[in-house]
Amino acid sequence: MLKELQLSLSVFLLLVCGFLYQLTLKSSCLSSCLPPFKSQQGPESLLSHRRGIVFLETSERIEPPPLVSCAVESAARIYPGQPVVFFMKGLNNSTQLSTNSTYPAFSLLSAMDNVFLFPLDMKRLLEDTPLFEWYAQINSTAQRNWLHVSSDATRLAVIWKYGGVYMDTDVISIKPIPEKNFLAAQASRYSSNGVFGFLPRHPFLWACMENFVEHYNSDIWGNQGPNLMTRMLRVWCRLGDFRAVSDLRCLNLTFLHPQRFYPISYPHWRRYYEVWDTDPSFNNSYALHLWNYMNQEGRMVIKGSNTLVEKLYRKHCPGTYRDLVQGSAEGTVTAGLGAAHR
């Protein structure tokens, strides 16, 4: 009888210990056992541990317009295992907007598990790069094209520091990019800087930042952006013309064919807002650049229009389409003065 009592007591104590252990484990997991992205605190930690997708907003705008929301949402859907980090100048550390219905796009993006919205602190991001001294001395109010120039500088520094893929906020992702170190051709022998990706501390980006400072001229649109990438690529590689839909490889980087991101070239940007007899497959593309900078006419995504851009929204950013376009007669995709739209 005594042995049975002792056995029962031992079993009871084991159960109690197990319960207390589980309770302690759950308590200690409040931070460390959260989903892998949301447990991280800052952009440096996020981008240092995983290859991220980076977007920038260098204007003071808080509420992303539908095209920006679509770009971020589509990236989050295509890269579910990677952090999608959106740096916004208009944010600060005390901004509380994630549940504010006044900002539906902000709320939509904040709710995505792998999307992170952070204040854009240029000074901090440019530290330890050739751009830091230039930024400390520049009078931004006296610079032409400052929204674009500041974006051009920041994207170089962020990807150099942490690695990953930079995308303009008018780029809709449609399938994963397999390359690690790449530039995107806008045309034969001409590089864009609207999409590019590198491993951390790649020497090509360091050379780009040095050239940025050495040949700085904000009066020439694109001088610190696609023109910079193109002139540095010509120094780095002996460029030839593309053959068929093949990419060009040079040393430790890949120059991707224009079809990868620019299957519709900028002179024909209106084609995105037209109805096609037969929709293009975009089988050779990883993402689509919608040339929002060209859209001075204010072309819109219109519910039920059956245009190519409406179909892209429905397929690749359904949350944006549902909340920001489908719920109203029209949803603008124009971005006003926002940067990172080329």
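Q: What makes the packing of helix α8 against helix α9 (residues 226–236) oblique?
A: In this predicted model, α8 and α9 pack at an angle of about 125°, with their axes 10 Å apart. Roughly perpendicular covers 65 to 115 degrees and roughly antiparallel begins over 145. An angle of about 125° fits neither range, so α8 is oblique to α9.

Q: Which residues make the contact of α8 with α9, and how do they divide by class?
A: From α8 come Pro203, Phe204, Leu205, Ala207, Cys208, Asn211 and Phe212. From α9 come Leu228, Met229, Arg231, Met232, Leu233 and Trp236. They divide into 11 nonpolar, one polar and one charged. Asn211 is the polar one and Arg231 the charged one. The crossing of these two helices is right-handed.

Q: Why is helix α7 (residues 146–162) called roughly antiparallel to helix α8 (residues 203–214)?
A: The two helices pack at an angle of about 150°, and their axes are 9 Å apart. Angles over 145 degrees count as roughly antiparallel, and therefore α7 is roughly antiparallel to α8. The crossing of α7 and α8 is left-handed.

Q: What makes up the contact of α7 with α8, by class?
A: The contact has 11 nonpolar residues, no polar ones and one charged. On the α7 side are Val149, Asp152, Ala153, Leu156, Ala157, Ile159 and Trp160. On the α8 side are Leu205, Trp206, Cys208, Met209 and Phe212. Asp counts as charged, so Asp152 is the charged residue here.

Q: Why are helix α3 (residues 66–78) and helix α10 (residues 308–316) described as oblique to each other?
A: Their packing angle is about 40°, with the axes 10 Å apart. Roughly parallel requires under 35 degrees, and roughly perpendicular starts at 65. About 40° falls in neither class, and α3 and α10 are therefore oblique. Their crossing is left-handed.

Q: Which residues form the contact of α3 with α10?
A: Pro66, Leu67, Cys70, Glu73, Ser74 and Arg77 belong to α3, while Tyr313, Lys315 and His316 belong to α10. By class, this contact has four nonpolar, two polar and three charged residues.

Q: How do you know whether serine 45 is buried, partly exposed or exposed?
A: The relative accessibility of serine 45 is 25%. Buried means under 20% and exposed means over 50%. The value lies in between, so serine 45 counts as partly exposed. Serine 45 is found in helix α2 (residues 43–49). The C-alpha atoms of serine 45 and tyrosine 162 are separated by 9.4 Å, although the two residues are 117 residues apart along the chain.

Q: Why is the phi of arginine 189 worth noting?
A: Most residues other than glycine have a negative phi. Arginine 189 is not a glycine, yet has a positive phi of about 65°. This residue is found in the loop between β6 (182–187) and β7 (190–198). With a relative accessible area of 36%, arginine 189 is partly exposed, because that class lies between 20% and 50%.

Q: What makes leucine 251 count as exposed or buried?
A: Its relative accessibility is 69%. Exposed means over 50%, so leucine 251 counts as exposed. Leucine 251 lies in the loop between β8 (248–250) and β9 (253–256), and has a positive phi of about 50°.

Q: How many helices and strands does the protein have, and what share of its residues is buried?
A: The protein has 11 helices and 12 strands. Of its 342 residues, 51% count as buried.

Notes:
Residues numbered from 1 in each chain as written. Predicted model: local features only at pLDDT ≥ 70, side-chain atom pairs only at ≥ 80, totals over all residues. Heavy atoms only, no water. Axes fitted to C-alpha atoms, helices over the stretch in contact; angles between N-to-C directions. Helix = DSSP H or I, 4+ residues; strand = E, 2+ residues; numbered from the N terminus. Left-handed = near helix turned anticlockwise from the far one by under 90°. Contact = heavy atoms within 4.5 Å. Buried < 20%, exposed > 50% of the residue type's maximum accessible area, 1.4 Å probe, protein only.
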